[in-house]
Protein chains: 2
Amino acid sequence: MMGRELKTRIFDIDLGKYQVLLHKEDAEALGVHPGDRVRVQNDETVTALVDTTDSVVQPGEVGVFLELKTRFDVGDGAVLRLYPAEKPQSIAAIKKKMHKAKLSKEEIDKIIVDVVDGTLSDVELSAWVTALEINDMDMEEIEHLTRSMVKYGETIDFGGEVVFDKHSIGGVPGNKITLLVVPIIAAEGLLIPKTSSRAVTGAAGTADVMEVFGPVNLNAEEIYRITKKTGGVMCWGGGVNLAPADDIIIRVEHPLSLDPPAQLLASVMAKKKAVGANKLVMDLPTGEGTKLPTVDDARKLGRMFMELGDRLDMEVECAITYGGQPVGKTIGCALEANEALAALRGLDHAPRSLIEKSVAIAGIALEMGGVVGRGLGHARAEEVLRSGRALAKFTEIVEAQGGKVPKGDIPVGKFQETINATDDGYVAGINNKAIVALARATGSPRDKGAGLFVHHKRGDKVDQGEPLLTIYAESEYKLREAVALAKKTPPVRLEGMLLQRLHDIREI
Amino acid sequence: MMGRELKTRIFDIDLGKYQVLLHKEDAEALGVHPGDRVRVQNDETVTALVDTTDSVVQPGEVGVFLELKTRFDVGDGAVLRLYPAEKPQSIAAIKKKMHKAKLSKEEIDKIIVDVVDGTLSDVELSAWVTALEINDMDMEEIEHLTRSMVKYGETIDFGGEVVFDKHSIGGVPGNKITLLVVPIIAAEGLLIPKTSSRAVTGAAGTADVMEVFGPVNLNAEEIYRITKKTGGVMCWGGGVNLAPADDIIIRVEHPLSLDPPAQLLASVMAKKKAVGANKLVMDLPTGEGTKLPTVDDARKLGRMFMELGDRLDMEVECAITYGGQPVGKTIGCALEANEALAALRGLDHAPRSLIEKSVAIAGIALEMGGVVGRGLGHARAEEVLRSGRALAKFTEIVEAQGGKVPKGDIPVGKFQETINATDDGYVAGINNKAIVALARATGSPRDKGAGLFVHHKRGDKVDQGEPLLTIYAESEYKLREAVALAKKTPPVRLEGMLLQRLHDIREI
């Protein structure tokens, strides 16, 4: 085959994949264009994506980026031989999905291998998620996609043991229930190696919140060992290479704000399968501002998770929960951690919405695990929480992960301002999106002490001058910005007495 | 709004768009992720795409590439202020097309503005062409798309004059008919400012072939002036900024081998409209190995071009031509130029297939332009060619472009090898794809003297030892590679006498 010897010019930039930069003349001589591929030969051969320039490298040179430099251990001026390479076969499979055809197990495998290897360019990955968004997959394809995502990544194997997991579809701020659910389940002798995400666009992910107690970056071996020892972990999913295709695909889903149902189902279930789970409780928050606006949406998705679970030998139960406003009263890492601690410690000010949701979810798991009979899980979960056994288990897990549970509260941002009601009224709603934007403006999740305290939830009566919202920040500057945003886009909506009176009249 | 001051670190790489590289910590603080956008503020404000790293730039630094460096005229260590920016509105329009909705004129405009400005990332451009491939557009949308592509680019205005253009859908090697069609039309007093492409994946584009006579890189003013003076140009479309969205969209279509019908129609017609054409002859080659395998495919596409033409006040006539084998006998720049010259000069060895196709296409234009009545164009075009007036006009145009027509032939590659028939038989077919691959292996279109001479076309009887194919190259090395490829994948398919005898018997 036609090849071409070119001198390396090193660019110390990481592109996340093998890519070379060719002068347009050399690209033409090789018969390749931007987005095509070349085989780059040194002692070994690597396939790289092509980009072209007419100025940055000269004819006869090949621009080499960090990934390839490291792989080949070459410096400036080394000689590499380049050959044009075929398109990967996965592209034919992507085009098949564009044309509405059903993909075979083998075709899906080819796509996922190339996703994980970094073989596919952003252009190709984007075509994949767009085709999935438009043409979807049937359940058999989704099963293959899930298995493939598990196969090409790290897995944890608990042997034949029953292993639980819990997942929330997300979209609800302040959803710190994992901090209660995991210790309740583990306290009853069940295994639950729970990995969580950091916030991508949200206010604070469970991994962000847990981090205030100590390290959350566990590897597969640590997850296995700590779970075997204590019954559970509460760690960051990004520290372990479970179903890594997901993280790569998210990189193109995010700029398009896309989340094709087939990919969502496969991504969630692949992470669970890879961590070794065979029993799963799904939390499906529904309501205004969530990913599942109506109960019907939640039911439909729940059924799909259960069907996919059957195919994957994973028992799935779903809880449709109310997600139209934050869970509990706090949003932000330290504030949420303190609220969860209050609930674990049985303190009076622990909000009922947090406790209710946590024991409901944990209760389902206790029933699935045979700890109690059907219908008795909720009461048992509540008992584990009230007895202090959940707090003891929480402390045990945090310490096993290398962290520490403080005696009192975790310090929160010292710059604080409270926004009061300017009129009498009822809280008609709390806007999740506005709450998230405001929490991010305070510095969350980066600033651990930053966040929000919501004094009143939906339905509460509020008098003029009563506090609605307290804003916490770690700098005066961020506090000012957040306060300005809160005034511009108030996240708590009050309805005046006039409307309320009408309502009262109707209720008579 | 929250902003962040960062120190520049310059990377001398051109990315074709405004992009910045942030350390993950700064990206998190700004609340942006890879593929999101930031407003970068210096004296002015520019929106740039975000990529992130945890190693190449340090916290507090912003990696700045050539485009932004040039725009802001900054060096290393300058301070820029960055703010998170919203997604462009065009992304909502792209997602609307994903969800099968019809786009408005305004939505299409937003997409094309952002394509031309380099605002859209590869991920977003790919989602656009994938959505178009799957969900298509109706004719009203295609009209808006075409007009939008014209609007956001350079245009040439010939006032109220009748201006012709000719376009071939392509896919047929050796299709050098423009070199005959343009001078025939211009010799009859009509205007035809013909821009052509270079080969992207083909053997040789018309612009590549014309280049052996001299410069083909004309700007808009030169196209206008030379056309007004001589009646025509035969130049490279890439030298002028006509409907530039097309070139950007092709960059993502190419790696996916996609060519959505709506985008194809709009791209072709936008280039024609932008050059000022109001009458167009479309060449629709059909047959095995072309883009339009059956006559029905060609008819369907032809009807769409005519309907779109009506909407754009452009008169379109279509010629469905046979494209199942190369036009003429040569493939490659100098070889094709010589063959076209032979036809212009009326030499005996000029292949009939080239002359027939050229006069048929030119004849349609002569009828559309009212030079002759309906049904008389073919004869008139042939007369213009035979009389030498086409040659004179060709010479005039080439010289006006700054080139020169040689007295004799243009030199071809001195390394040559002829492949002979190993048996008696009939040429059952010439494989276009194999011919193109072989021509590219000889060095075409980069090596002007490289290419192929096809001694026999489909249906010819060939005796053992007779030449089938002569390969021309500019280096011994490339000749060897091409010969090896020709033996591995013979582009000329012979059918043996046995089959032929059966055929003879049936014909008795």
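## Starting from helix α18

Let's begin inside α18(A), where K478(A), L479(A), E481(A), A482(A), V483(A), L485(A) and A486(A) are buried (20 or more other C-beta atoms lie within 10 Å of a buried residue's own, against 12 or fewer for an exposed one and in between for a partly exposed one, with C-beta atoms placed from the backbone). This is a predicted model, in which local features need pLDDT of at least 70 and side-chain atom pairs count only at pLDDT 80 or more, while totals for chains, interfaces and linings use all residues. Residues are numbered from 1 along each chain as its sequence is written, and chains are lettered from A and ligands numbered from 1 in the order in which they are written.

Back to the helix: α18 of chain A covers residues 476–488, 13 residues in total, and reaches 18 Å from its first C-alpha to its last. That is close to the 18 Å expected at 1.5 Å a residue (1.5 Å times one less than the number of residues). Helices here are DSSP runs of H or I with at least four residues, strands are runs of E with at least two, and both are numbered from the N terminus. What do the buried residues of α18(A) pack against? They pack against β13 (415–420), α17 (432–442) and β17 (467–473) of chain A.

Now zoom out. Chain A splits into domain 1 (4–85), domain 2 (90–135), domain 3 (164–237 + 265–400) and domain 4 (415–500), with bounds from an automatic or database domain assignment. The centres of domain 1 and domain 2 of chain A, taken over C-alpha atoms, are 25 Å apart. Six residues of domain 1 of chain A touch four residues of domain 2 of chain A (contact being C-beta atoms, placed from the backbone, within 7 Å).

On to the two chains together. Chain A superposes on chain B through a rotation of 180 degrees with 0.1 Å of shift along the axis, at an RMSD of 0.1 Å; the fit is by least squares on C-alpha atoms of residues with pLDDT of at least 70 in both copies. That's the relation of a two-fold axis. Both copies use the same surface, as 100% of the contact residues of chain A recur in chain B.

How many residues does each chain put into that contact? Chain A gives 38 residues and chain B gives 38 residues. On the side of chain A, the elements giving two or more residues are α1 (24–30), α3 (90–98), α5 (122–135), α10 (245–256) and α17. Of these, α5(A) gives the most, with 10 residues.

As for the interior, the largest nonpolar core holds 280 residues (a core being buried Ala, Val, Leu, Ile, Met, Phe, Trp, Tyr and Cys residues joined through C-beta atoms within 7 Å). Among the residues with the most contacts inside it are I185(A) and I185(B). Beyond its neighbours within four places in sequence, I185(B) contacts F164(B), L190(B), I192(B), G232(B), A362(B), A365(B) and L366(B). A second, separate core of 46 residues includes L6(A), F65(A), I13(B) and L49(B).

Finally, some backbone oddities. Most residues other than glycine have a negative phi, and most peptide bonds are trans. S444(A) and P445(A), though, are joined by a cis peptide bond with omega of about 0 degrees, and P445(A) sits in the loop between α17 and β15 (451–454) of chain A. Over in chain B, D73(B) isn't a glycine but has a positive phi of about 55 degrees. D73(B) lies in the loop between α2 (66–72) and β6 (79–85) of chain B and is exposed, with 9 other C-beta atoms within 10 Å.

Key:
Two residues are in contact if their C-beta atoms, placed from the backbone, lie within 7 Å.
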